[in-house]
Amino acid sequence: MAGDSRILMDHNMEIGVTPAQVTKLPKHLREAQISTERTHLISDPPKKPRQRYVQKDGKCNVHHGNVQETYRYLSDLFTTLVDLRWRLSLFIFTLVYVVNWLFFGFLWWLIALIRGDLLHSDEEGWTPCVENMNSFVSAFLFSIETETTIGYGYRVITEKCPEGIILLLVQAILGSIVNAMMVGCMFVKISQPKNRAETLMFSHKAVISVRDSKMCLMFRVGDLRNSHIVEASIRAKLIRSQQTKEGEFIPLNQTDINIGFDTGDDRLFLVSPLIISHEINEKSPFWEMSMAQMEKEEFEIVVILEGMVEATGMTCQARSSYLDTEVLWGHRFTPVLSLEKGFYEVDYNNFHEVYETNTPSCSAKEMAAKLRDGPLLPQLSLLSPEPKTLTFGLSDLDPLSQNENRGEGESEDDKGETNGSAATLAETPFADGLTG
């Protein structure tokens, strides 16, 4: 019996019949079974998540590797110090001052050693280069007092030491340069305009819907501060792979997305949140892209908002991006601006909220062709209303024919109303023209 059951099972597998034991498995396991030679399960491969080119917080996800000409970073040392992380900046800031103090403290100690001040400091009548400096520690403290201009008054340089006077001048000049450089780095690092970009908001999603009978790609931007961004402007880039006609593959090709450059709509007065709109026309990269095609495409939209900080006058730039999965077809943004008593109020709870709206799933090119032939959606026809014409039949103009068509159960009052309406209609010029 065991041999017969095994033969029967092998025979069922050969002809593509699922064994009875498999039907007892859960549904998701039965659907995931491997197809045989006679049965093939065809399904679309799952869409892999795209690696971001620009993060949502604006950081570029690009790492520079195998850079051999590292000396180029030293040619712009100030920018290199400003770009460092805070922990490295604080470490270098402290290290530069300590090394500078130790270096000049060693020079003061060396002068005292050469002059013999360390050996004859206690002798009467001996004039040292620096009074009350009898060790390296005291020379180091004198170096700190000199460069920081503290001047406690206990250690003082004498006029009988010309080499000490020269060293004092050199330390004062170099100390001023070190102070200017290090304090300047810290000031620029603290007041960097990228911190101002933290209060500039971009919506989490971008939407596609119809505006004024045109397909548009939209996203929303806002500013949380009361101090505004001066001369604010915005631009957008489409990042996706492209293969040229010659067969060259461009992995991250950048294409401009027009969001009002020719009309001036890209220059913003960012007092309240604004919806930035890109009209999908013949020059748009989304012109021939339908809803089904967009779900299969892999792209990224990078948006860049630039302007000057009103308080400091420094240029600020905020960035964000939208993957293909973050572009919602057939949605609009929820309004956030409301009129209160004496002012306008912005509700940032609805800043990222969207709602569905009737939008054709075809491409903008197909929609434009259908709009030329006739209205595509009922709401689209409201945007271009056609004049309505009234048609009258002869029975509508003849009171006798109207009375004949009425039922026997109709009252005399109804007949009077009918005759009155017909008489009123006969008095109009339009009716006169038809009867004449």
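Begin by selecting Asn132, which lies in the loop between α5 (86-115) and α6 (136-148). The model on screen is a predicted one. Asn132 is not a glycine, yet its phi is positive, at about 65 degrees. With a relative accessible area of 37%, Asn132 counts as partly exposed, because that class covers the values between 20% and 50%.

Next, select Ile166, Val170, Ile173, Leu174 and Ile177 together and display their surface. These residues make a nonpolar surface patch of about 460 Å². Within this group, turn to Leu174, which is placed in helix α7. Its relative accessible area is 39%, so Leu174 is partly exposed.

Helix α7 spans residues 162-190, and the loop between it and β1 (200-202) holds the next stop, Lys194. Lys194 is exposed, since its relative accessibility reaches 52%. To view its surroundings, add Lys59, Arg85 and Arg87 to the selection: with Lys194, these residues form a positive surface patch.

Now move to strand β4, which covers residues 229-243, and select Glu231. Here again a residue other than glycine has a positive phi, in this case near 55 degrees. Is Glu231 buried or exposed? Its relative accessibility is 62%, and therefore Glu231 counts as exposed.

From there, proceed to strand β5, residues 249-257, and select Asn253. This residue is buried, as its relative accessible area is 18% and the class requires a value under 20%. Which residue does the side chain of Asn253 contact? Show the side chain of Gln242 as well: a polar contact of 2.3 Å joins the two side chains.

The last stop is Asp324, in the loop between β9 (315-323) and β10 (327-329). Asp324 is buried, because its relative accessible area is 8%. Select Lys205 alongside Asp324 and draw a distance between their C-alpha atoms. The two residues are 119 residues apart in sequence, while their C-alpha atoms stand 10.0 Å apart in space.

To review the tour, display three of the loop residues together: Asn132, between α5 and α6; Lys194, between α7 and β1; and Asp324, between β9 and β10. Asn132 is partly exposed, Lys194 is exposed, and Asp324 is buried. Then add the two strand residues, Glu231 in β4 and Asn253 in β5. Glu231 is exposed, whereas Asn253 is buried.

Note on methods:
Residues numbered from 1 in each chain as written. Predicted model: local features only at pLDDT ≥ 70, side-chain atom pairs only at ≥ 80, totals over all residues. Heavy atoms only, no water. Patch = residues over 30% accessible without salt bridge, like charges linked within 9 Å, V, L, I, M, F, W, Y side chains within 5 Å. Areas by Shrake-Rupley, 256 points an atom, 1.4 Å probe, with all protein chains shown as cover. Salt bridge = Lys/Arg side-chain N within 4 Å of Asp/Glu carboxyl O. Lys, Arg positive; Asp, Glu negative; His and termini not counted. Charge placed at Lys NZ, Arg CZ, Asp CG, Glu CD. Helix = DSSP H or I, 4+ residues; strand = E, 2+ residues; numbered from the N terminus. Buried < 20%, exposed > 50% of the residue type's maximum accessible area, 1.4 Å probe, protein only. Polar contact = N/O pair within 3.5 Å; in protein donor to acceptor, adjacent residues only side chain to side chain.
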